[in-house]
Amino acid sequence: GSSSAGLKIERRDDGVAIIRLARAERHNAIDAETARDLTNFLTDANVDRDLRSIVLTGIDGKFCTGADAVSDPNASKPSTLDYRYATENFRRLAQALWEVEKPVVTAVNGTVAGFGWTFALLGDLVVADCDARWTHVFTRRGMVPHAGDPYFLARIIPFHRLNEIALLSDTLTSADLDNWGLINRCVVAEEVEPTAVGLAERLASGPTRTLGLTKRLYRRSLSSDMATAFEDERNATALISTTADRHEGVASFVERRPANFIGD
């Protein structure tokens, strides 16, 4: 394993990386340094041949309580902070999560607030403690959603449910979100990490490049027209056609045996 200031990173021999937010004193709110460190990890993940899936979670039974953003030191005076860029590090983190081509499982093991929603729901698969509490928080504080929230959540959450979440800002549980189709596995607290790691192990044994391109196709299609989506599909099909795992997938089918994917 390894770590940075706000992260604990465990690298396993099976290709799974478990990344834990480790800012207990701030209830796992992500500060700018942690956001940059995690963005760099996710960017590097795309070319890391030994990394085949990622689990994101938090320490001490807290998942992520938002962005621990810089506050204006002169808040009692006319603002000197350029608020357009105050949360740029978090937008970059959200973009890196959206674009990383290794499968990501989020293990929501406690409180979710603010940016924590984006952080949780950008996982390809979401495992959550059924009793975990989610508060969107922005409008409660008189703020508009930010740090990438308006772009990403509008592509993940059904329109009227998103309005309910953002405009009413009621505290919800993972069970509520599970009923809305936003959670893949809703489990008791002690099963969150084992369930997430089990899914990550399955993903890590899959055809890594195929999974990455599948992620890319679905994400790009949410922001592209049909002609672009069809061209992306053609290119992905061609790119994957010569890989070892594509050959193994066909061979295992013909030979009626389980596939042994190596990630190439």
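## Exercises on a predicted model

Trp 117 touches Val 112, Trp 134, Thr 135, His 136, Leu 153, Ile 157, Ile 165, Leu 172 and Leu 177, leaving out residues up to four places away in sequence. The model you're looking at is a predicted one, so keep that in mind as you work through it.

### Exercise 1: The cores

Find the largest nonpolar core and say which residues have the most contacts inside it.

Solution. Start with Trp 117, since you've just met it. Together with Ile 30, Leu 38, Ile 54, Phe 119 and Trp 134, Trp 117 has the most contacts inside the largest nonpolar core, which has 47 residues. Next, ask which element gives this core its largest share: that's helix H2 (residues 88-99), with six residues. Finally, look away from this core, and you'll find another one of 14 residues, including Ile 18, Ala 107, Val 192 and Val 197.

### Exercise 2: Helix H7

Check the length of helix H7 (residues 192-204), then work out what covers its buried residues.

Solution. Step one is the length. H7 has 13 residues, and the expected span is 1.5 Å times one less than that number. That gives 18 Å, and the end C-alpha atoms are 18 Å apart, so the two agree.

Step two is burial. In H7, the buried residues are Val 192, Thr 195, Ala 196, Val 197, Leu 199, Ala 200, Leu 203 and Ala 204.

Step three is the cover over those residues. It includes the strands S3 (16-21), S4 (53-58), S6 (104-108), S8 (125-129) and S11 (185-187), along with helix H8 (208-221).

### Exercise 3: Rings and charges

Describe how Tyr 151 and Phe 152 pair up, and say whether each is buried or partly exposed.

Solution. The whole structure holds seven aromatic pairs. In the pair formed by Tyr 151 and Phe 152, the centres are 5.0 Å apart and the planes make an angle of 85°. Planes over 60 degrees apart count as edge-to-face, so this pair is edge-to-face.

Now for burial, where the cut-off is 20%: anything under it is buried. Phe 152 has 6% relative accessibility, so it's buried. Tyr 151 has 36%, so it counts as partly exposed.

Tyr 151 has another partner too: Arg 155 lies over the face of its ring, 3.6 Å from the ring centre. For a second case of a charge over a ring, go to Trp 98, where the charged end of Arg 219 sits 5.3 Å from the ring centre. And for a group of rings, try Phe 63, Phe 90, Phe 115 and Phe 119, which form one aromatic cluster.

### Exercise 4: Two positive phi values

Locate Val 137 and Ala 147, and note what their phi values show.

Solution. Begin with the general rule: most residues other than glycine have a negative phi. Val 137 has a phi near 75°, which is positive. Ala 147 has a positive value as well, near 60°.

Where are they? Val 137 is in the loop between strand S9 (133-135) and helix H4 (149-153), and Ala 147 is in the loop between S9 and H4 too. Val 137 has a relative accessible area of 10%, so it's buried. Ala 147 is at 2%, so it's buried as well.

### Exercise 5: Around helix H10

Follow Thr 243, Glu 248 and Ala 251, and list what each one shows.

Solution. First, Thr 243 sits in the loop between helix H9 (226-240) and helix H10 (244-254). Its relative accessibility is 5%, so it's buried. A polar atom of the Thr 243 side chain lies 3.1 Å from the backbone nitrogen of Arg 246. Beyond its neighbours within four places in sequence, Thr 243 is in contact with Arg 209 and Asp 264.

Second, Glu 248 lies in H10. At 13% relative accessibility, Glu 248 is buried, and its side chain makes a polar contact of 2.6 Å with the side chain of Arg 257. Leaving out residues up to four places away, Glu 248 also touches Pro 258, Ala 259, Asn 260 and Phe 261.

Third, Ala 251 is in H10 and is buried, at 14%. The C-alpha atoms of Ala 251 and Phe 138 are 52 Å apart, with their positions 113 residues apart along the chain.

Notes:
Residues are numbered from 1 along each chain as its sequence is written. This is a predicted model: local features need pLDDT of at least 70, side-chain atom pairs count only at pLDDT 80 or more; totals for chains, interfaces and linings use all residues. Side-chain values use heavy atoms; hydrogens and water are left out. Helices (H or I, at least four residues) and strands (E, at least two) are DSSP runs, numbered from the N terminus. Buried means under 20% relative accessible area, exposed over 50%, partly exposed in between (1.4 Å probe, protein chains only). A polar contact is a pair of N or O atoms within 3.5 Å; within protein, one must be able to donate a hydrogen and the other to accept it, and residues adjacent in sequence count only if both atoms are side-chain atoms. Contact means heavy atoms within 4.5 Å. A nonpolar core is a set of buried Ala, Val, Leu, Ile, Met, Phe, Trp, Tyr and Cys residues joined through side-chain atoms within 4.5 Å. Rings of Phe, Tyr and Trp (its six-membered ring) pair if their centres lie within 6.5 Å; planes under 30 degrees apart count as stacked, over 60 as edge-to-face and the rest as tilted. A charge sits over a ring if NZ of Lys or CZ of Arg is within 6 Å of the ring centre and within 35 degrees of the ring normal.
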